[in-house]
Amino acid sequence: MIILLHPKAVKPHNRRFPLAILSIAAALEGAEEYQIVDGNLDTTPGATMDRIAREHRVELLAVSVMPGPQMVSAVALCREFRQKHPNVPIVWGGYFPSLYADTTLNAGYVDFVIRGQGEDTIIELLQAFRDSRQLASIRGLSFKDAFGLHVHNAERPLRSPNDFPRLPYHRLAPVERYLLPTFLGRRTGVHHASIGCPFRCQFCGVVPIFDGRQKTEVPERTAEVLGMLQRKFGMDAVQFYDNNFFLSESHASKQAELLSPLNLRWWAEGRIDTFLRYSDEALRDIRRSGATMIFFGAESGSNEVLAQMNKRITAEQTLELAARIRKFGIIPEFSFVVGNPNAPAEDTRQTIDFVRRIKRLNPDAEIIVQHYIPTPHPDGMYGGVEGKIEFPRTPDEWATERWFNFTIRHDPRLPWLPRQVKRRIDNFELVINSRWPTVQDIRLPRWGRMLLQFLSSWRYATGIYDFPLELAWAEKFVALRKPRWESL
Ligand code: B12
């Protein structure tokens, strides 16, 4: 028996299909005995794993770990499982161990790390347990040798999602509990139609893992899977989790054509430059197929900073897209990485000015302001911060409050970011979020929306963002009076 564990990462109303674990399950389906334990659904995953271990001989505990809350849950669950079941090997896969393989192996309760795409690697690891393969021959695997030294095998070439079997949704019972209300629909699902990304932005954690490679599912297969989820489970909306959903115009047009009959409302991530190259006809088709909001990494309003990030877009392109996409009725969601380590105050000032320009061109545009936090990068971390920051050496240290707040960007405590600049970024974020509350918050009542808009409008108009205590208070006041999720 293999346990596939997806530690808790989100609050229940944000529960989505655990795609990483489902992908691994697809590779095992029909060939191996396995059970999925999803901490986003199961409130006592440790007890469930103990029960499985009592009833079966568990050969492997395989855990998917994303940085942040999921990593914190994974540490606690794995430590306890190791104490109770010391003979069961534990493997971690996913973004956290792929980015920090040595750090992960420093934990006494992790025996193996599977870096990057995991479907083939886990099968080969199981073969090694059964003596038909050498650990050293398994690409994408990291492990501890007989002396406890870390061994990192060669990378594994990326395979297309088309090469792998369909996800075994039926192993998640009941599937309906993964289809929840969002601004897109009453039963929103998620799908990942590609893996990796061909760009090499220097702030991005995807590059070290996929090294500028991307493989994409054919549009026919994407539409078939979504059609099945619609027919069988009533899914009426979908969020595409791809890093780069709009690969090319012909691919996107074909996808739009096949999605149209499904009448799903959808959200996805795209690049500004790619999208700008599309014809009006393609954009109309994309809208008609249900595209409601598209996330774009705008990152900065300064071309110099964009060049430092290796983002390969210009600020003028962002403005052009903000204006153009409005005509098609698609809401753009522009994300910014604020706090250039070389000039954080100037970068913050420029970003705020730039966001204001976007809002003038397209008031519906949604804005996400993120503090820049570095991740290891093969081309060097954005801002040249090598040597200026030392990452934790164990998962347990990553799970401490100090590093948890760093990961979720709440309080990153970066040596190059003065407190007052950090405060300015946070204050601006609060003002803009109050001035234009996101349409994504379906629990925000109309009166709450109006209250926040009323209180923040003078601040936005005058550019006085400091000490927005009344907005912080109003936000809390409204949050306490939002309807409960169950009543939606
Ligand atoms: C969905 C998602 C979330 C969701 C999670 C929802 C959920 N249900 O759990 C939410 C919104 C909560 C989230 C949050 C965060 N996320 Co997030 N998220 C993603 C996203 C978009 C998709 C992940 C996914 O499902 N992929 C689909 C699966 C199929 O792919 P996969 O995970 O890579 O899995 C493959 C391999 O990694 C491997 N594998 C994975 N697990 C396992 C396990 C085993 C045992 C094995 C063998 C193999 C294996 O095999 C799989 C199949 O090949 C990714 C970006 C992306 N497109 O991947 C970012 C991403 C993982 N997130 C990231 C980050 C940083 C975060 C945050 C920590 C910070 C933030 N603000 O974004 C927050 C956490 C804060 C919080 N409050 O929760 C980064 C991680 C890299 C980094 N910089 O550290 C990413 C890459 C985004 C980015 N470009 O920066 N996220």
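**Two loop residues, a buried glutamine and a helix pair**

Let me begin with Arg413, which lies in the loop between helix H16 (401-407) and helix H17 (419-435), and say straight away that we are looking at a predicted model. Phi of Arg413 is near 45°, a positive value in a residue other than glycine, and I point this out because most residues other than glycine have a negative phi. At 47% relative accessibility, Arg413 counts as partly exposed, since that class lies between 20% and 50%.

A positive phi, of about 60°, also occurs at Asn310, again not a glycine, and this residue sits in the loop between helix H12 (303-309) and helix H13 (315-326).

Asn310 leads me to Gln202, because the two are in contact. Gln202 is placed in the loop between strand S9 (194-196) and helix H7 (207-210), and with a relative accessibility of 16% it counts as buried, the limit being under 20%. If we leave aside neighbours within four places in sequence, Gln202 also touches, among others, Gln308, Met309, His377 and Tyr382, while its side chain reaches the backbone oxygen of Gly380 at 2.7 Å.

Finally, the helix pair: the axes of H2 (residues 45-55) and H3 (residues 69-84) come within 10 Å and cross at roughly 30°, which makes H2 roughly parallel to H3, as the angle is under 35 degrees. The crossing of H2 past H3 is right-handed. On the H2 side, Pro45, Gly46, Met49 and Asp50 meet Leu77, Phe81 and Lys84 of H3, and by class this contact comprises four nonpolar, one polar and two charged residues.

Methods
Residues are numbered from 1 along each chain as its sequence is written. This is a predicted model: local features need pLDDT of at least 70, side-chain atom pairs count only at pLDDT 80 or more; totals for chains, interfaces and linings use all residues. Side-chain values use heavy atoms; hydrogens and water are left out. Helices (H or I, at least four residues) and strands (E, at least two) are DSSP runs, numbered from the N terminus. Buried means under 20% relative accessible area, exposed over 50%, partly exposed in between (1.4 Å probe, protein chains only). A polar contact is a pair of N or O atoms within 3.5 Å; within protein, one must be able to donate a hydrogen and the other to accept it, and residues adjacent in sequence count only if both atoms are side-chain atoms. Contact means heavy atoms within 4.5 Å. Axes are lines fitted to C-alpha atoms, for helices over the stretch in contact, and angles run from 0 to 180 degrees between N-to-C directions. Angles under 35 degrees count as roughly parallel, over 145 as roughly antiparallel, 65 to 115 as roughly perpendicular and the rest as oblique. A crossing is left-handed if the near helix is turned anticlockwise from the far one by less than a right angle, and right-handed if clockwise. Ala, Val, Leu, Ile, Met, Phe, Trp, Tyr, Cys and Pro count as nonpolar, Asp, Glu, Lys and Arg as charged, and the others, Gly among them, as polar.
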